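Colleague: I would like a close look at one part of this model. Please take me through it step by step.

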Amino acid sequence: MCPDRPDPTPDRAAAESNPESRPEPEAKPAPAPEPGSGRRRWWPRLTVPGCWGALLLACLSFTPSLLPRGGVLQGLIAGISGAIGYGLGVVAAYVWRAFADREPRTAARRSWQVLTVAAVALFGLAFGLGQYWQHRIRQLMDVTDYSVPSTVACPFVAVLVFLLLLFAGRGLRRAYHAAARLLGRWVGPKAARVVGWALVAALAWSLVSGVLLSGFVSAMNQAFSVRDAKTPPGVTRPVSALRSGGPGSLVPWDTLGYQGRAFAGGGPTAERIGAFTHRPAEEPVRAYAGLETADDAEGRAERAVADLRRAGGFERANLLVVTTTGSGWVDPAAVDSFEYLGGGDTAIVSMQYSYLPSWMSYLVDQSKAREAGRELFDAVYDVWSKLPQDHRPRLFVAGESLGSFGGEAAFSGEYDLRNRTAGTLFAGPPNFNTLFREFSDHREPGSPEIEPVYQEGRTVRFTDDPAAPIPPPDRPWDGTRVLYLMHPSDPIIWWSPDLALSEPDWIGETPGTDVLGEMVWIPFVTFWQVTADLPFSTGVPDGHGHVYKAAYVDGWNAVMRPAGVTPQELDRLKEIVSPPK
């Protein structure tokens with residue numbers, strides 16, 4: 001013992017020798033639970049930066065897009081946008097901490113209080129502005145449908161979707177940690193993390209694109225194939241030999257499919273056409289092949305053209321090759337207008353390539369549409385080109401939506417369209433159409449993307465309103481005419497994956513007549529807004545979205561240039577093909 005240090009007092013020594021008699025250390029207060037984490041297990045732990053990102057993008061999702069949105073759909077977009085914003089906020093905070101060289105810390109209670117107040121104020125403001133913008137869009141399109149319960153459900157749907165996506169993301173993160181730990185037994189920690197992320201990402205992509213998507217498409221194919229065996233109400237088997245499925249036809253009625261039977265069993269009669277033109281009219285020829293008609297696209301095209309030839313289609317004055325939409329649907333307004341303006345001296349041929357409806361085929365059946373369009377036109381052209389020149393009908397091409405994509409596939413460019421057809425009418429071309437993109441991307445400087453001018457409009461032109469002068473009105477449009485009908489509010493035309501990260505020209509330019517000027521491009525948000533517009537693109541009145549009816553009358557009038565048709569007759573024909581509601 002050191003002599004300079006006094007011995008402990010007896011009381012202190014006794015206390016040190018008896019542990020039970022030592023005073024208890026002062027208990028530290030338990031840290032308060034993080035306000036964002038909640039006390040219940042089902043509520044996920046959240047971060048302030050992530051919540052700010054979620055709030056910002058969720059509020060921005062209320063900005064207008066191309067079509068009116070109901071409350072449930074808006075809630076879906078807000079939830080998806082919020083989940084993306086949360087992820088961006090978390091990543092931004094991580095990057096900032098890396099530069100600041102500090103570890104994450106628990107947010108102060110005041111930070112959560114500020115966030116809560118801001119969330120209530122900003123979300124309420126965005127919700128109110130969103131309702132105002134949706135009201136104006138409905139006015140532009142003469143849409144009267146409005147659901148109060150759907151509007152009230154919007155924020156609840158948004159929260160539900162946000163949580164589902166958040167839980168899914170955290171599930172992937174747990175899978176990554178598990179994979180990294182497992183790989184860490186054989187490789188270094190850095191390599192384990194990199195390979196772990198790669199494995200989880202590959203597994204998630206395979207699950208979504210392979211198992212889930214393939215299973216969904218297979219189930220939809222099965223469901224719609226059952227419908228394809230039925231016949232539309234009011235449609236009966238043709239009694240005319242000029243129709244596929246009728247007497248003497250090479251295509252049996254029961255192989256035409258649902259839409260094929262509607263096409264072959266519908267359309268104007270010679271009497272109705274004559275009543276419109278006030279001149280003697282012929283019975284139009286319609287040939288069609290369904291999926292059950294042959295085993296492949298080439299076989300269906302050959303059968304359809306053989307039936308067209310049997311019915312005398314190559315002896316008519318006007319011959320139209322139509323590429324259908326996914327389910328085999330041919331827009332009655334498109335073909336009826338052609339037959340009326342042609343005085344019945346017409347023949348139309350088409351064929352089916354999928355069971356799926358248009359918007360689903362748009363996503364998964366593009367290759368089938370391309371093959372069908374090429375095979376059908378080539379089969380027709382092979383017969384047509386061998387006819388004496390003075391005995392050939394005028395050869396036209398048409399297609400709507402994915403049908404325009406397939407119709408373009410038979411041609412290499414402007415010169416090919418001009419040299420091998422008498423005219424073409426495409427409506428609502430998808431953004432990925434090869435020729436449409438070529439014409440639009442190489443438009444003349446100063447012409448807007450919603451109505452581009454290509455090569456002075458000498459062959460190819462674009463319009464929203466074919467009844468008005470089609471730009472450029474001061475330049476000649478001789479010979480073959482190729483016309484694209486495209487509404488500014490049609491999401492089929494403007495949707496593209498590029499919307500997620502780059503602003504397209506059409507948003508920055510002067511908007512079309514049925515698009516609000518308040519529509520702006522927002523990274524990620526605009527992509528999901530226009531994506532959500534796709535399934536509802538045909539749920540608006542004629543002349544908006546992806547609904548082309550009356551426009552076909554003026555469109556075909558511009559392309560076919562029939563003699564002696566007055567503006568009054570065109571107005572009457574519009575009422576026939578698109579009756580006012």
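What volume does the largest cavity have?

Modeller: The largest cavity has a volume of about 110 Å³. Keep in mind that this is a predicted model. The protein averages a pLDDT of 89, and 91% of the residues score at least 70.

Start with the walls. The lining of the largest cavity counts 15 residues. Closest to the centre are Val 322, Asp 331, Ala 334, Gly 399 and Glu 400. Strand E2, helix H10 and strand E4 (394-400) each supply at least two residues of this lining. By class, the lining of the largest cavity splits into 9 nonpolar, 4 polar and 2 charged residues.

Now pick out Asp 331. Asp 331 is buried, because its relative accessible area of 5% falls under the 20% limit. Asp 331 also forms a salt bridge with Lys 549. The closest N and O atoms of that pair are 3.0 Å apart. Where do the two partners, Asp 331 and Lys 549, lie? Asp 331 is in the loop between strand E2 (318-323) and H10. Lys 549 is in the loop between helix H18 (525-533) and helix H19 (551-560). The two residues are 218 apart in sequence, so the pair ties together distant stretches of numbering. Lys 549 counts as partly exposed, at 22% relative accessibility.

Stay with helix H10, which helps to line the largest cavity. Another salt bridge joins Arg 286 to Glu 339, with the closest N and O atoms 2.8 Å apart. This pair links distant parts of the chain. Arg 286 sits in strand E1 (residues 285-289), Glu 339 sits in helix H10 (residues 332-341), and 53 residues separate them. Both Arg 286 and Glu 339 are buried.

For contrast, look at Asp 382 and Lys 386. Their side chains meet in a salt bridge, at 3.5 Å from N to O. Asp 382 is partly exposed, with a relative accessible area of 39%. Lys 386 is exposed, with a relative accessible area of 65%. Elsewhere, salt bridges with shared partners join Arg 286, Asp 336 and Glu 339 into one network. The whole structure has 17 salt bridges.

Next, set the largest cavity beside the other spaces. The structure holds 2 cavities of 30 Å³ or more. The second largest cavity has about 40 Å³ of space. Among the residues lining it are Phe 224, Arg 227, Asp 228 and Tyr 258. Helix H6 and helix H7 (257-265) each supply at least two residues of that lining. H6 gives the most to it, with 3 residues. The lining of the second largest cavity has 3 nonpolar, 3 polar and 2 charged residues.

There is also a pocket to note. The largest pocket has a volume of about 1,300 Å³. Its lining has 35 residues. Nearest the centre of this pocket lie Thr 47, Tyr 86, Val 90, Val 91 and Arg 173. Helix H5 (148-183) is one of the helices that each supply at least two lining residues. H5 gives the most to the lining of the largest pocket, with 10 residues. That lining divides into 23 nonpolar, 5 polar and 7 charged residues.

One caution remains. Residues 1-40 stay under a pLDDT of 50. The model has 22 contacts beyond four places in sequence for that stretch. Where pLDDT is low, predicted coordinates should not be read in detail.

Key:
Residues numbered from 1 in each chain as written. Predicted model: local features only at pLDDT ≥ 70, side-chain atom pairs only at ≥ 80, totals over all residues. Heavy atoms only, no water. 1 Å grid on protein atoms, 1.4 Å probe; cavity = no way out; pocket = protein on both sides within 12 Å on 5 of 7 lines; lining within 4 Å. Points joined across faces, edges and corners; volume = space filled by probe spheres on them. Helix = DSSP H or I, 4+ residues; strand = E, 2+ residues; numbered from the N terminus. Nonpolar A, V, L, I, M, F, W, Y, C, P; charged D, E, K, R; others polar. pLDDT = per-residue confidence, 0-100. Contact = heavy atoms within 4.5 Å. Salt bridge = Lys/Arg side-chain N within 4 Å of Asp/Glu carboxyl O. Buried < 20%, exposed > 50% of the residue type's maximum accessible area, 1.4 Å probe, protein only.
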